[in-house]
Amino acid sequence: MKTKIEKCEGKLGILLPGLGAVATTLIAGVFAVRKGIALPIGSYTQMGSIRLGKRTENRNPKIKDFVPLANLKDIEFGAWDIFPDNAYESASKAGVLDQQQLDVLKSELSGVKPMKGVFDQHFVHNLDGHHVKSAPTKMDLAKALMKDIEQFKEEHHCSRLVMVWCASTEIYLQAGPVHQTLDAFEEGLRNNDPNIAPSMIYAYAALKSGIPYANGAPNLSCDFPAMVELARKMKNPIGGKDFKTGQTLMKTIIAPGLKARNLGINGWFSTNILGNRDGEVLDDPESFKTKEVSKLGSLDNILEPKLNPDLYHDLYHKIRINYYPPRGDNNESWDNIDIFGWLGYKMQIKINFLCRDSILAAPIVLDLALLLDLAKRSGMYGIQEWLSFFFKSPQSLPDLPPQHDLFRQLMKLENTLRHLQGENLITHLGLDYYEEL
Ligand SMILES: NC(=O)c1ccc[n+]([C@@H]2O[C@H](COP(=O)([O-])OP(=O)(O)OC[C@H]3O[C@@H](n4cnc5c(N)ncnc54)[C@H](O)[C@@H]3O)[C@@H](O)[C@H]2O)c1
């Protein structure tokens, strides 16, 4: 049965804490596509299509024609940052897109000016911005963000909003007592509990304002019981963590293939260099630890060493990230994979990916914003596991392991969309063999 989905009338506001490399690459990209001077390559919602029914039916609509998504011409962007640069200035500094291309979009980009951020250097050691809010308590800061949200909605005549965290990676934190219930968390906000990070204050403000929230960085943000409770209470969809780009994207493409062929792996060494502000933040060991934990989980989950001990029990997985300014946003990664095949004979795979991080991340932010808005209009709330496809370290339901395998994630995403539109789910079972017997 088809799910009742509210129409997407009016404008969708995409609110971005963090107006750095990823956010400005997204905004400039959407403006360029709207002008008809570029294509939204890498975006599932804009370029992807979906098979419906039997292969013989030949029904393969584009995703954006299959489910009701906001049109790119109906999007407004809002942002917060701890530096006052507008999107044109920030994009020029980030150096992801050609200056010539940015100049064509200068008037639109200059119009996106960041609101003052909620920031605490304790959580991001390597940054020191002064375009920040001050208030006596964390609850007051959350209220100030809610006021920004309300004002933005009114000034930009938006009918709906979503928020996607695109700000820096915070230091590694594990959920503690203050994160267990909504009551404890709100008490913590009022008492300035030191375990409440700025990203949590943004997530709280979004959810309290009734808008969906996704976390593009590896820090907790909305990944703890109190925030899940609030999301469910306010009937808001949430998702995270950490956009799936670069080396981890490659890992979640290659590892399921090796596993599918029952090839063993006893070592996977990943190292990379990057020189953008994200790299500078990750140069701090405490922020790196957050990223490392996010990246390490994928192989174990895909390879399931407990089920396949002969193939993956002794796998040594090592990840290094090195800040190297000359490369800017153009990350380069090297993977050495030690594998073994028939009778244990050893082989090696080397991957050298000359990647552009923000070019891979920007379309993910767009897809998440559009799909979270769809989820909200479809009455879906809480953790949206069907959006795991977009995340390095997918937030999963309590007591369930996350799904990292890109192809299983895609199947879940596609089947969720089919389910929403009352189409048969596709299992790829070849029933026709049986019919002939
Ligand atoms: N680039 C990628 O491919 C990629 C992939 C996965 C995840 N991410 C994550 O996305 C985030 C953004 O990446 P980026 O390359 O754009 O980084 P960036 O450093 O270029 O941009 C982050 C921006 O956030 C701002 N900021 C920091 N703390 C803030 C706060 N509390 N409130 C408001 N603004 C704040 C910074 O001033 C900066 O302008 C990072 O956490 C990164 O780890 C990026």
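Me: Which helices and strands each supply at least two residues of the shell around the ligand?

Reply: This is a predicted model. In it, helix H1 (21–35), strand E2 (75–81), helix H12 (277–282) and helix H15 (357–377) each supply at least two residues of that shell. H15 gives the largest share, four residues.

Me: Which residues come nearest to the ligand?

Reply: The shell has 36 residues, and those that come nearest are Gly18, Gly20, Gly117, Ala217 and Arg277. Sorted by class, the shell holds 20 nonpolar, eleven polar and five charged residues.

Me: Where does the shell around the ligand lie with respect to domain 1 and domain 2?

Reply: Check which domains give residues to the shell. Here domain 1 (11–243 + 359–420) and domain 2 (256–354) both do, so the shell lies between them.

Me: How should I read a sheet, and what is the order of the strands in the open sheet of seven?

Reply: The strands of a sheet pair through backbone hydrogen bonds, and the pairing is either parallel or antiparallel. In this model the seven-stranded open sheet runs E3-E2-E1-E4-E5-E6-E11, with parallel pairing. Strand E3 (115–116) and strand E11 (382–383) are the edge strands, each pairing on one side only. Within the sheet, strand E1 (residues 11–17) and E2 run parallel and are joined by six bridges. One register point is Gly13, whose bridge partner in E2 is Glu76.

Me: How many bridges join strand E7 to E9, and how many join E9 to E10?

Reply: Strand E7 (residues 264–274) and E9 run antiparallel, joined by nine bridges. Strand E9 (residues 332–340) and E10 also run antiparallel, and nine bridges join them. To fix the register, follow Ser333: this residue is the bridge partner of Asn272, and Ser333 also stands opposite Phe353 in E10. Glu332 has Leu354 as its bridge partner in E10.

Me: What links E9 and E10, and which residue there takes a positive phi?

Reply: The two strands form a hairpin with five residues between them, and Leu343 takes a positive phi near 65°. As for burial, strand E10 (residues 346–354) is hardly covered: zero of its nine residues are buried.

Me: How do I read a helix with one covered face, and which residues of H16 are buried?

Reply: An α-helix has 3.6 residues a turn, so residues three or four places apart point the same way. Helix H16 (residues 406–420) has 15 residues and reaches 21 Å from its first C-alpha to its last, close to the 21 Å expected at 1.5 Å a residue. Its buried residues are Leu406, Gln409, Leu413, Glu414, Thr416 and Leu420. Seen down the axis of H16, these buried residues fall within an arc of 155°, so they line one face of the helix.

Me: What burial class does Lys106 have, and why?

Reply: Count the C-beta neighbours inside 10 Å: 20 or more make a residue buried, and 12 or fewer make it exposed. Lys106 has 14, and therefore counts as partly exposed. Lys106 is found in helix H6 (residues 106–110). The C-alpha atoms of Lys106 and Tyr88 are separated by 6.0 Å, although the two residues are 18 residues apart along the chain.

Conventions: Residues are numbered from 1 along each chain as its sequence is written. This is a predicted model: local features need pLDDT of at least 70, side-chain atom pairs count only at pLDDT 80 or more; totals for chains, interfaces and linings use all residues. A residue is near a molecule or strand if its C-beta atom, placed from the backbone, lies within 6 Å of it. Ala, Val, Leu, Ile, Met, Phe, Trp, Tyr, Cys and Pro count as nonpolar, Asp, Glu, Lys and Arg as charged, and the others, Gly among them, as polar. Domain bounds come from an automatic or database domain assignment. Two strands pair if DSSP finds at least two bridges between them. The expected span of a helix is 1.5 Å times one less than its number of residues. The arc is that of the directions from the helix axis to the C-beta atoms.
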